[in-house]
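Let's take a walk through this one together, from the inside outwards. Have your viewer ready and follow along residue by residue.

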Amino acid sequence: MSRTALDPLFTAQAAESFTDRHLANLGAGVVAAVRVPDFLDPATCEAAMAALDRLPTADYDPARVPTRILRFGPALNDYRTPDGRLDAPRYWAAAEAARAAWQRAGMRPDPIAISLARLGTAWGAAVSPATIGGRPVFGGTLREINAGALIHYDDINREFPGGLFDQDVVAQLAFNVWVSAPTDGGATTVWRHRWEPADESHREAYGYQAEAVKDYQSVSLTPELGDGLLFNPANFHAVEPAPAGRRVAFAFFLAITTTGQLIAWS
C-alpha cells in the first residue's frame with residue numbers, strides 16, 4: 001500500500017461507551033481512535049478544575065520540551081536513562097510524592113478512578129497498575145497543553161527495550177479525558193505511521209518534524225468537555241495549539257498483556 005492509498009478502517013469512531021472490541025481493535029492497530037462524548041459529566045469536570053490549584057503542577061524543562069506544557073505526576077519515560085533503563089531512585093521518590101499530593105488535593109469525584117473502573121468494565125476485568133518488582137507504578141497524570149505538542153510516539157517496549165514491568169506488554173493504548181476544553185483549536189491528530197529508522201532524520205527535540213508524517217493518512221479530533229479518548233500511541237500523534245481556552249486532560253497508558261490483563265501507568 002502506498003502512502004497515498006487510504007485504509008478504510010483507520011477512522012475515529014464515536015461510541016456511547018468503550019467496549020472490549022474497541023480496546024482489541026486499537027491494540028491490533030485496526031482503528032485510529034475511539035471517542036466517548038460526555039465520558040465525564042460537567043459536574044465532575046468542574047470539581048476537577050476546582051481541585052487543580054491544590055495539585056503541585058510544574059512546566060517541563062524547555063530544553064527538552066520546547067512548547068509549554070503544565071503537568072502533574074511523573075511519567076516513566078521522564079526517568080529513562082540514556083541506555084534505556086529506569087532511574088529508579090528518582091522515579092519512586094517522585095511517584096510517592098505524587099500519590100501523597102493527590103490524596104491531599106482531595107479530588108472528589110476522582111476522574112482517574114472513574115475512568116479506570118469504566119475501562120475495566122469494558123474489558124471484563126479490573127484494570128491493575130503495572131508493577132516493577134512487585135511495586136505498583138504511578139498512574140494518572142494531568143496535562144494542560146495549550147501551546148501544542150510535537151509529533152511523537154509512545155511505546156514502552158521501545159523506550160525500555162530490556163523490559164520494565166513484571167507484566168509483558170503486547171499492545172499499548174493511550175487514554176485522555178478532558179476536564180477543560182478550549183473554545184478553539186487543541187485537536188489531537190493521529191497518523192497511520194509508526195516509527196521506522198528513517199524517521200530519525202526528522203528528529204526535533206523529543207519529537208519529529210512534519211516531514212516524518214508527510215503524505216500519511218491521519219485523523220484529527222477536537223476535544224470537547226468530558227470527552228474520553230482512546231488511541232494507540234505507537235502511531236505518531238501530536239496536539240495542535242489551542243489559542244482560546246484551557247485544554248486540560250487527565251491521562252494514562254493502558255496495555256494488554258500476554259495474560260490478557262489490562263494494566264495502567266503514566
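Which residues have the most contacts inside the largest nonpolar core? Keep in mind that this is a predicted model. That core has 68 residues, and the ones with the most contacts inside it are Phe18, Leu76, Tyr91, Phe165, Leu230, Phe250 and Trp265. As background, nonpolar side chains tend to be buried together in soluble globular proteins.

Pick Leu230 and look around. Skipping neighbours within four places in sequence, Leu230 is in contact with Phe18, Leu23, Leu26, Ala33, Val34, Leu119, Leu173, Ala174, Phe175 and Leu254. There's also a second, separate core of nine residues, with Tyr153, Val213, Tyr216 and Ala238 among them.

Two of the Leu230 contacts, Leu23 and Leu26, bring us to helix α1, residues 20-28, where the buried residues are His22, Leu23, Asn25, Leu26 and Gly27. Right after α1 comes Gly29, with a positive phi of about 80 degrees.

Phe18 and Phe175 turn up again in an aromatic cluster, together with Phe39 and Phe252. Phe39 also has a charged visitor: Arg118 lies over its face, 5.2 Å from the ring centre. Elsewhere, the charged end of Arg71 sits over the ring of Tyr60, at 4.1 Å from the centre.

Now for ring-on-ring geometry. The model has 14 aromatic pairs. One of them is Tyr153 with Phe236, a stacked pair with 5.7 Å centre to centre and 10 degrees between the planes. Tyr153 lies in the loop between β9 (149-152) and α5 (156-159), while Phe236 is in strand β16 (residues 235-239), so this pair ties together parts that are 83 residues apart in sequence. Both Tyr153 and Phe236 are buried.

Compare Phe253 and Trp265: their ring centres are also 5.7 Å apart, but the planes make an angle of 35 degrees, so the pair is tilted. Here the sequence gap is twelve residues, because Phe253 lies in strand β17 (residues 248-257) and Trp265 in strand β18 (residues 262-265). Phe253 is buried with a relative accessible area of 17%, and Trp265 is buried at 1%.

Stay with β18 for a moment. In a regular strand, side chains alternate between the two faces of the sheet. Both faces of β18 are covered: Leu262 and Ala264 are buried on one side, Ile263 and Trp265 on the other. As for strand partners, β17 runs antiparallel to β18 and is joined to it by four bridges, with Ile256 standing opposite Leu262. In the hairpin of β17 and β18 there are four residues between the strands, and Gly260 takes a positive phi near 85 degrees. Strand β5 (residues 128-129) runs parallel to β18, with two bridges between them; Ser128 has Ile263 as its bridge partner.

Last stop: helix α3, residues 88-105. At 1.5 Å a residue, its 18 residues should span 26 Å, and the end C-alpha atoms are 25 Å apart, which agrees. The buried residues of α3 are Tyr91, Trp92, Ala94, Ala95, Ala98, Ala101, Trp102 and Ala105. To read that list, recall that an α-helix has 3.6 residues a turn, so residues three or four places apart point the same way. What covers the buried residues of α3 includes the helices α2 (42-51) and α4 (111-123), along with β4 (69-72), β6 (131-132), β7 (135-136) and β17. After α3 comes Gly106, whose phi is positive, near 60 degrees.

Technical notes
Residues numbered from 1 in each chain as written. Predicted model: local features only at pLDDT ≥ 70, side-chain atom pairs only at ≥ 80, totals over all residues. Heavy atoms only, no water. Phe/Tyr/Trp six-rings, centres within 6.5 Å; stacked < 30°, edge-to-face > 60°. Buried < 20%, exposed > 50% of the residue type's maximum accessible area, 1.4 Å probe, protein only. Lys NZ or Arg CZ within 6 Å of the ring centre and 35° of its normal. Core = buried A, V, L, I, M, F, W, Y, C linked by side-chain atoms within 4.5 Å. Contact = heavy atoms within 4.5 Å. Expected span 1.5 Å × (residues − 1). Pairing = 2+ DSSP bridges.
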